[in-house]
Amino acid sequence: MARRHGYALLCAIVALITVVSVGIYAAVNDGLPGRARTASTPYDSAHPASTGRWVGSWSASPSGHEPGTDARGVAGRSVRNVVHTGVGGTSARITLSNLYGRTPLTLTDATLAVAAGSGTAAARPGSMRRLTFGGATRVVVPAGAEVVSDPVRIVLPPDSDVLVSTYSPTPSGPVTVHRVARQISYAADGDHARSESADPYTTRVPYWRYLTALDVLSDTSDGTVVLLGDSITDGSGSTQGANRRWPDVLSDRLRAALLDGRDVPRYAVVNAGISGNRVLVDGDGLSTDNPSALHRFGRDVLGRPDVKAVVIDLGVNDILRPRTPAAPERIVEGLRALVRQAHAHGLKVIGATLTPFGGHAWDTEERETARRQVNAQIRAGRVFDAVVDFDKALRDPYDPRRLRAEYDCGDHLHPSDRGYRRMAEVFDLRELTGGAAAVRRAAA
């Protein structure tokens with residue numbers, strides 16, 4: 001009998017502790033600054049949950065300025081960017097860039113919403129949130145700078161489309177864009193940033209304007225992995241609006257593996273590819289347009305939230321774009337310099353071999369030789385902590401200097417949807433784990 005009374009007493013104590021804990025938790029959360037709505041609370045705003053960590057759900061590196069916007073920018077128009085989440089979260093924030101602007105960019109309205117479906121500018125009813133910046137709905141982004149919004153409470157599902165809308169009432173000069181979006185976004189005359197309807201958005205836009213990142217507060221992710229690359233990482237040649245870039249497929253693989261209970265890292269994947277990007281030289285001869293990987297590493301990799309690892313797939317344009325291809329040893333040393341930047345911040349670096357371009361308009365024997373020499377150094381373990389062999393995965397076994405026909409989008413340089421899927425499939429997810437390792441240097 002005494003033993004039964006003792007057990008009952010123990011249960012009562014546990015129950016009491018639980019009730020008190022719940023009360024304390026509720027009191028703490030109810031006491032979060034700004035949690036309660038007041039007359040001065042911005043339209044449809046909400047404060048973030050108190051648990052989880054900030055990770056990247058989507059990103060697009062600014063690659064240049066939009067032609068025809070030098071004088072007025074998009075004054076008097078609403079911009080509605082359509083982006084696709086990798087991981088989901090319970091709160092979100094965005095980054096807006098005026099990197100290529102020459103005058104301050106004034107925005108008086110900015111919102112975020114879950115899209116009503118794929119390929120539409122309509123928002124899911126009730127999902128629209130107005131964004132603030134330092135508590136204000138109006139923000140001025142200086143020329144050459146970027147701003148991050150205040151966090152807003154919103155449930156963003158993984159693998160879904162999100163609408164980020166902004167309105168600028170005044171001329172602002174060149175519009176900062178990511179040119180190769182492989183996604184249709186929209187624009188409207190007047191301020192329709194808070195409109196759930198797609199009706200005002202009659203203009204289709206093939207690139208992302210101003211928006212460079214969407215971060216989420218996630219309790220299912222332990223960090224971010226950044227994929228730094230060129231047009232192949234950017235997804236050139238993939239089906240527009242279908243999210244079939246290899247970073248998209250890699251994100252899908254990680255999420256599926258976790259659902260299956262596999263022991264893989266709980267990482268969010270973000271895309272830092274820029275078409276035409278090089279390791280060594282800024283694009284188009286301009287210091288600010290399409291900056292080299294060496295110049296943008298701090299912004300596009302280290303600037304992402306809670307980065308754990310970086311995957312580098314670069315070097316093809318250093319061989320193809322200049323009239324005289326860069327020497328293989330210079331490309332390799334440039335890649336090593338990127339690795340040193342990553343290691344200085346404790347990041348593991350996985351590097352990719354350079355894929356074939358035989359049959360492309362710029363293909364020559366000299367360029368093919370350079371590609372093979374760079375790949376030899378990568379495969380020998382003299383550049384990166386780990387290697388993913390995209391060359392081996394995509395090349396034609398009967399003509400190794402070319403892509404296999406089913407993996408070629410048709411230009412003999414960029415993969416097809418099947419090729420991008422193959423790239424993600426051969427990536428060993430376990431390589432994302434572990435810290436930075438010392439990279440073996442070439443023998444003298």
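Here's a short walk through the two largest pockets of this predicted model.

**Stop one: the largest pocket**

Start by selecting Val87, Gly88, Ser218, Thr220 and Ser221, the lining residues that lie nearest the centre of the largest pocket. You're looking into a volume of about 370 Å³, with 22 residues lining it.

Now colour in the secondary structure around it. Strand S4 (89-97), strand S16 (211-218), helix H3 (246-259) and strand S18 (267-273) each give the lining at least two residues. Click on H3 in particular: its 5 residues are the largest share of this lining.

Next, colour the lining by residue class. Expect 10 nonpolar, 9 polar and 3 charged residues.

**Stop two: the second largest pocket**

Clear that selection and pick Trp58, His84, Arg245, Asp248 and Asn271, which lie nearest the centre of the second largest pocket. The volume here is about 290 Å³, and the lining runs to 26 residues.

For the elements, show strand S1 (53-59) and strand S3 (77-84), then bring back H3 and S18; each of the four supplies at least two lining residues. Which element gives the largest share of this lining? That's H3, with 5 residues.

Colour by class once more, and the second largest pocket shows 8 nonpolar, 12 polar and 6 charged residues.

**Last stop: H3 and S18**

Finish with H3 and S18 on screen. Both elements supply at least two residues to the lining of the largest pocket, and both do so for the second largest pocket. Keep H3 highlighted while you flip between the two selections: H3 holds the largest share of the lining in the largest pocket and in the second largest pocket.

Notes:
Residues are numbered from 1 along each chain as its sequence is written. This is a predicted model: local features need pLDDT of at least 70, side-chain atom pairs count only at pLDDT 80 or more; totals for chains, interfaces and linings use all residues. Side-chain values use heavy atoms; hydrogens and water are left out. On a 1 Å grid over the protein atoms alone, a cavity is a set of points where a 1.4 Å probe fits but cannot get out, and a pocket is an open set with protein on both sides within 12 Å along at least five of seven lines; lining residues have an atom within 4 Å of a point. Grid points are joined across faces, edges and corners, and a volume is the space filled by probe spheres set on the points. Ala, Val, Leu, Ile, Met, Phe, Trp, Tyr, Cys and Pro count as nonpolar, Asp, Glu, Lys and Arg as charged, and the others, Gly among them, as polar.
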